[in-house]
Amino acid sequence: MPARIAAVNLFLQQVNASGDVKRKLNNTDFWTAAGYNHKTEFYNWRSASKRATKSAEERFRSVLSKTPSEFVALLGQHDRFKPKTSDS
């Protein structure tokens, strides 16, 4: 297994085991936390493709350096994870 795939899998296992999350987090949560709206950059970076950008390298490495609680807090900053409000 390539090193980046193993690193992301281990990171997500640690976050899921931390007790800081209410549901099992996955790759989508990882690339969302890095600020991407689509999976392409993540899969290019994860597979060490020649198409992977330097920016993607920096963003994903930054996410990998977070603690589980920092990662969960980072996810909370994205619209996808904010609670929906109902209009009365």
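Here is a short walk through this predicted model, from its confidence to its core and two of its helices.

Residues are numbered from 1 along each chain as its sequence is written, and side-chain values use heavy atoms, without hydrogens or water. Local features need pLDDT of at least 70 and side-chain atom pairs count only at pLDDT 80 or more, while totals for chains, interfaces and linings use all residues.

Let's start with confidence. The protein chain averages a pLDDT (the predictor's confidence in each residue, from 0 to 100) of 89, and 88% of the residues score at least 70. Among the elements, helix 4 has the highest mean, 97, and helix 5 the lowest, 91. Helices here are DSSP runs (H or I, at least four residues), numbered from the N terminus.

Now look inside. The largest nonpolar core (buried Ala, Val, Leu, Ile, Met, Phe, Trp, Tyr and Cys residues joined through side-chain atoms within 4.5 Å) has 20 residues. Buried means under 20% relative accessible area and exposed over 50%, with partly exposed in between (1.4 Å probe, protein chains only). Phe11, Phe30, Trp45, Phe60 and Phe71 have the most contacts inside this core. Helices 1 (3-17), 2 (27-33), 3 (40-46), 4 (54-64) and 5 (68-76) each supply at least two of its residues.

Follow helix 4 next. Its buried residues are Ala56, Phe60, Val63 and Leu64. They fall within an arc of 100 degrees (from directions between the helix axis and the C-beta atoms), so they line one face of helix 4. On the other side, Lys54 and Glu58 are exposed. The buried residues of helix 4 pack against helices 1, 2, 3 and 5, with contact meaning heavy atoms within 4.5 Å.
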